[in-house]
Amino acid sequence: MKALIISVDLGDLDYQAHAQEFTMLAKGAGADIVGTVVARRARPDAAYFIGSGKLQEASMAADAANADIILFDQPLSPAQQRNIERALNRRVVDRVALILDIFALRAKSHEGKLQVELAQLQHLSTRLTRMWTHLERQRGGIGMRGPGEAQLEMDRRMIGAKVRLLKERLARVQRQRTTQRRARSRGDTLSVSLVGYTNAGKSTLFNALTRAGAYAADQLFATLDTTTRRIWIEGAGQVVVSDTVGFIRDLPPTLIAAFRATLEETVQADLLLHVVDAASPQREEQIAEVNKVLADIGADEIPTILVYNKIDLAGYEPRVERNEHGTIARVFVSASERLGLDGLRGAIVESGQIAGNNAFNVENI
């Protein structure tokens, strides 16, 4: 599908990184990008976000490139989205909707699909305002006609009922996870969760540590579903390692809520391995974004080691660094080249001992 990107520079220092990330998201969703219109603004326009002048420029660019769809790299209000669609006579997908679309594309497990569907319905419920009537002729009339007010009310009730049903199903999944965690706790097993910005290499590191076959690729949100494996580490005994969904800046609130059951693995972990792309120029900003989400889900007090991955691309040597208190704070590895993994295993053992986990008591080994 041919897509025109509208990119908005609001004066942020990391605008270029934000724009590049959105382009990767668009390509990951399968878009054929035929052009980009950049709008520079001090603040969003209430009606069109980018203002009427820039909107006219976008309209001419879309017509010239024969674009099928407009991808907007900022979250839009329902009114802004509707106004832009009317002006451009094309469907508009904002940043939130694009991320939701990618999640729907990548979710594989039953739980992951439930979570994505819940997030999509919650997002849709804010936009049931006859928003498609202005695109009827473009989309074809049969089955695409704008709903009347009675139909809108029916849709709202149906969405509300579906949301309640999905929440009940996810609650059952969450109870099952709680039961599994209790079983692991009774077995005095250390629980380690890999967290980090999307495309930092979490799944590749997970595979290297556990010899699992989790899908890994150089793209945003390559994997969405939590994968858990039990491994043996000398000096630690049995360790349960979980690979979780990657984080991204401005993650839609509906997704944070919908994925709480999956992220529960992170909240309940004894130790977090915060995987960082050592070769990324935006690594410090990405670390801050992950820390913000961890705080949102109540996982910011869990002992954490920063694992700088992809050192083969960044030109670093494998090593372990300690903070001023002598505690391991950073480990430098290359998961793809299997460099520094012994140092990481040693860091897991030492951090587990400091955390006082029962799995590391001499009597239990």
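This report describes how several helices pack together in a predicted model and then turns to the spaces enclosed by the protein.

**Helix packing**

Two packed helices are described by the angle between their axes and the distance between the axes. The table sets out these values for three helix pairs, together with the hand of each crossing.

| Helix pair | Angle between axes | Distance between axes | Crossing |
|---|---|---|---|
| α4 and α5 | about 155° | 9 Å | left-handed |
| α2 and α3 | roughly 50° | within 10 Å | right-handed |
| α1 and α4 | roughly 40° | within 10 Å | left-handed |

We may begin with α4 and α5, whose axes lie 9 Å apart and make an angle of about 155°. An angle over 145° counts as roughly antiparallel, and that is why α4 is described as roughly antiparallel to α5. On the α4 side the contact is made by V96, A97, L100, F103 and A104, and these meet V116, A119, Q120 and H123 in α5. When the residues of this contact are sorted by class, seven are nonpolar and two are polar, while no charged residue takes part.

The next pair consists of α2, which covers residues 52–65, and α3, with axes that cross at roughly 50°, and these two helices are therefore oblique to each other. Here L55, A58 and S59 of α2 meet I84, A87 and L88 of α3. Five of the residues in the contact of α2 with α3 are nonpolar and one is polar, and again none is charged.

Helix α4 also packs against α1, which covers residues 15–28, and the axes of these two helices cross at roughly 40°; α1 and α4 are therefore oblique to each other. From α1, the residues H18, E21, F22, L25, A26 and G28 take part, and from α4 the residues R95, L98, I99, I102, L105 and R106. What classes of residue make up the contact of α1 with α4? The contact has seven nonpolar and two polar residues, and in addition three charged ones.

**The largest pocket**

The helix α4 appears again when we turn to the largest pocket, which holds about 500 Å³ of space. Its lining consists of 23 residues, and those that lie nearest the centre of the pocket are R91, V93, A97, L98 and D101. Which element gives the most to this lining? It is α4, with four residues. At least two residues of the lining are supplied by each of β3 (69–72), α3 (78–88), β4 (91–93), α4 (95–106) and α5 (110–124). Sorted by class, 14 residues of the lining are nonpolar, four are polar and five are charged.

Two residues of the pocket lining can also be followed back to the helix contacts: A97, which lies among those nearest the centre of the pocket, is one of the α4 residues that meet α5, whereas L98, also among those nearest the centre, is one of the α4 residues in the contact with α1.

**The cavities**

A search of the whole structure finds two cavities of 30 Å³ or more, and the second largest of the cavities has a volume of about 30 Å³. This second largest cavity is lined by Y197, A200, H274, V275, V276, D277, R283, Q286 and I287. The strand β8 (271–277) and the helix α11 (283–296) each supply at least two residues of the lining, and the largest share, four residues, comes from β8. By class, this lining has five nonpolar, two polar and two charged residues.

How values were computed: Residues numbered from 1 in each chain as written. Predicted model: local features only at pLDDT ≥ 70, side-chain atom pairs only at ≥ 80, totals over all residues. Heavy atoms only, no water. 1 Å grid on protein atoms, 1.4 Å probe; cavity = no way out; pocket = protein on both sides within 12 Å on 5 of 7 lines; lining within 4 Å. Points joined across faces, edges and corners; volume = space filled by probe spheres on them. Nonpolar A, V, L, I, M, F, W, Y, C, P; charged D, E, K, R; others polar. Axes fitted to C-alpha atoms, helices over the stretch in contact; angles between N-to-C directions. Parallel < 35°, antiparallel > 145°, perpendicular 65-115°, else oblique. Left-handed = near helix turned anticlockwise from the far one by under 90°. Contact = heavy atoms within 4.5 Å.
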